[in-house]
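User: I am new to this structure. Please walk me through how its features are named and judged.

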Amino acid sequence: MEITEKEFADITAYIYRICGLDINESKKYLVRQRLEPLLASHGFASFSDLNRTLSLTPDNNLRDQIISAITTNETSFFRDIHPFETFKAHLAPKLIELAVSRKSHNYQRKGPKVKIWCAASSTGQEPYSVAMILSDYMAVHKPNGVTLDDFSILASDISPKVLARAVAGEYSDLEVDRGLDEIQKVKYFNKIERMWQIKPYLQKMVEFRRINLNESFSHIGAYDIIFCRNVLIYFDDITKKKIFSQFSKLLNASGLLILGVTENLYGLSDDFESVRYGNSIFYKSKVKEAVGGGSL
Ligand SMILES: C[S@@+](CC[C@H](N)C(=O)[O-])C[C@H]1O[C@@H](n2cnc3c(N)ncnc32)[C@H](O)[C@@H]1O
């Protein structure tokens, strides 16, 4: 189906408004390719028809279908490996010290003592990779008085479609083969017919929520680590600045922001300083005073 300049301008303005994705002319084919099945299933004869409906009747269902169709959900277990190696070698021990310290200082927060957020987590491979590292570390080191319940991992995404898959925790052969070896597959999954089902102890560590990074998310609480990887590339600088400003306020004083390997916040925020851990650069918030003792 053809898409005129006006149709393209209207649909991309709508997409920018609802989820912040900054789509330029060079992505015209992609918009067509991703939205055409939706147009067909709703019986829209043209993009103008779709745009007209969107402007006349707010329809959350249609909106969610557009979000699910237009977002790029590429991900894999231990994607880009080195941030996870760094997390395992440098951060897991410190997060456990932090949990011990907060427990012994009667840290005011009830429930989990250390909180991690994977913003834009797609189908769940990223938060489950973090859960695998933490649970393995705990199993080996058995720190006194700290259990897996002292850690929480919030995983969020804007797309209801990928969130549903993440919650289900079921992956195909192809998906588990991207990032996991045979030993890891058997260790972390139960094979159920043709799918690999994440084991309940890992699934229990991750809570899934729908969060739009293009809206205010300052109510979600304080975090020690925020992973926000491979999504900022789709936003313009205005949106990125708003997101970084909110991240800096949500991070505890010693908290760290972990971006995708091609992403950085140079020129976009003065609220962070970069810190090198092993082969990775992470970002430390400069905004808050330390809470609950310990630092990363
Ligand atoms: C390429 S995936 C990255 C997944 C994972 N972080 C990784 O690095 O493997 C980008 C994800 O960002 C999500 N996304 C796009 N716009 C968003 C927004 N405004 N708020 C929250 N998530 C968004 C998409 O639905 C998609 O699942």
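Analyst: What follows is a short round of questions and answers. This is a predicted model: local features need pLDDT of at least 70, side-chain atom pairs count only at pLDDT 80 or more, and totals for chains, interfaces and linings use all residues. Residues are numbered from 1 along each chain as its sequence is written.

User: How do you know that the span of helix α11 agrees with its 14 residues?

Analyst: Helices are DSSP runs of H or I with at least four residues, strands are runs of E with at least two, and both are numbered from the N terminus. The expected span is 1.5 Å times one less than the number of residues. For α11 (residues 237–250) that gives 20 Å, and the end C-alpha atoms are 20 Å apart, so the two agree.

User: Which residues of α11 are called buried?

Analyst: Buried means 20 or more other C-beta atoms within 10 Å of a residue's own; exposed means 12 or fewer, partly exposed in between, with C-beta atoms placed from the backbone. Lys240, Ile243, Phe244, Phe247, Ser248 and Leu250 are buried in α11.

User: What puts these buried residues on the same side of α11?

Analyst: The arc is taken from the directions from the helix axis to the C-beta atoms. These residues cover only 160°, so they share one side of α11.

User: What makes you say that the ligand lies between domain 1 and domain 2?

Analyst: Domain bounds come from an automatic or database domain assignment. It gives domain 1 (5–70) and domain 2 (82–285). Both give residues to the shell around the ligand, so the ligand lies between them. The C-alpha centres of the two domains are 31 Å apart.
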